[in-house]
Amino acid sequence: MASSPDFSSADSTPGNPGSGSPSPPAAPSGTAGGEGRGRVRPRRAAVMAVPATLVAAGLAVLTAQGALGVQFAISGMPFTVTATELNGTGFEQFGGLDNMADGSPNAGDTGGQVLVVTSAIKKATLTKLCQSVDLGGTNLLITAGGGAEKVTASDLTTDSTELSGNASFDNIEIGNDASTLDKANAKGPIGVFSQQADTVHIGNLRQTNYATTAAVFKLPGLKLRFSGSGC
């Protein structure tokens with residue numbers, strides 16, 4: 001579970017579930033082409049949010065005053081995150097747009113924008129965390145939390161294009177206005193569809209992420225290496 005204007009910079013940031021970027025201070029101003037990442041006009045941005053299951057249900061596309069995005073320019077290179085188990089308290093989720101740096105070679109025909117789902121968790125623990133980035137012919141692989149100590153994070157956000165697992169929630173609210181969320185330290189723009197819950201549990205988590213932030217990220221047993229295969 002991508003970046004969050006309400007959070008401080010991560011202490012260390014291998015990708016993690018729950019992470020996307022919550023509510024940026026300003027709407028992205030570029031344009032984007034392509035279906036699903038369509039050309040964005042000022043004050044008109046399509047945003048989406050994944051329903052309660054986090055794995056299957058459809059998109060909610062709404063008009064908002066601005067689009068959401070991380071506080072930094074993303075590389076445009078997706079990375080995979082897996083964990084055998086994620087447990088979190090204070091869960092929020094809403095849609096957004098992340099922006100690449102001007103002239104990024106990864107922009108393709110998207111105009112440098114990626115449509116994402118931002119997940120925010122106030123406090124999270126993860127078991128057997130794995131993150132991998134395909135560098136073309138090799139993968140940069142990061143693992144942690146495989147022993148007695150689990151990975152822990154506070155004010156964790158992830159910006160994802162895909163998320164799967166076996167999920168359960170306590171006291172979930174679906175259909176909130178993103179500007180009114182209060183379970184984690186993140187808010188979206190007024191008029192944006194969102195959901196939140198007191199707790200979240202996801203078994204066999206798998207994400208495709210473009211950004212992750214956390215106020216604190218503790219990675220016991222951290223290993224970073226190159227590998228012929230990813231997570």
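Reader: Is Asn171 buried or exposed?
Author: Happy to start there, and please keep in mind that this is a predicted model. Asn171 lies in the loop between β7 and β8. Exposed means over 50% relative accessible area. Asn171 has a relative accessible area of 55%, so the residue counts as exposed.

Reader: What is the phi of Asn171?
Author: Good one to ask. Most residues other than glycine have a negative phi. Asn171 is not a glycine, yet its phi is positive, at about 55 degrees.

Reader: Which residue in strand β9 has a positive phi although it is not glycine?
Author: Look along strand β9, which covers residues 193-213. One residue there is exposed, with a relative accessible area of 53%. Its phi is near 55 degrees, and the residue is Asn204.

Reader: How many bridges join strand β3 to strand β9?
Author: Strand β3 spans residues 79-99, and it runs antiparallel to β9. For a place to look, find Thr80, which stands opposite Thr208 in β9. The number of bridges joining β3 to β9 is 14.

Reader: Which residue in β9 stands opposite Asp159?
Author: Strand β7, residues 151-170, runs antiparallel to β9, and twelve bridges join the two. Asp159 falls within that range of β7. Opposite Asp159 in β9 stands Ala211.

Reader: And which residue in β9 does Asn176 stand opposite?
Author: Strand β8, residues 173-177, pairs with β9 in the antiparallel sense over four bridges. Within this pairing, the residue opposite Asn176 is Ser194.

Reader: Which cysteine forms a disulfide with Cys130?
Author: The model has one disulfide. A pair of cysteine sulfur atoms counts when they lie within 2.5 Å. Here the sulfur atoms are 2.0 Å apart, and the partner of Cys130 is Cys231.

Reader: How many residues apart in sequence are the parts this pair ties together?
Author: Cys130 lies in strand β5 (residues 129-134), while Cys231 is in the segment after β11 (223-227). The pair therefore ties together parts whose separation in sequence is 101 residues.

Reader: Is this disulfide left-handed or right-handed?
Author: The clue is the torsion about the S-S bond of Cys130 and Cys231. That torsion is about -85 degrees, so the disulfide is left-handed.

Reader: Which residues make the nonpolar surface patch of about 290 Å²?
Author: One member is found in the loop between β2 (62-64) and β3, namely Met77. Met77 is partly exposed, with 31% relative accessibility. The full set making the patch is Met77, Leu135 and Phe226.

Notes:
Residues numbered from 1 in each chain as written. Predicted model: local features only at pLDDT ≥ 70, side-chain atom pairs only at ≥ 80, totals over all residues. Heavy atoms only, no water. Pairing = 2+ DSSP bridges. Patch = residues over 30% accessible without salt bridge, like charges linked within 9 Å, V, L, I, M, F, W, Y side chains within 5 Å. Areas by Shrake-Rupley, 256 points an atom, 1.4 Å probe, with all protein chains shown as cover. Salt bridge = Lys/Arg side-chain N within 4 Å of Asp/Glu carboxyl O. Buried < 20%, exposed > 50% of the residue type's maximum accessible area, 1.4 Å probe, protein only.
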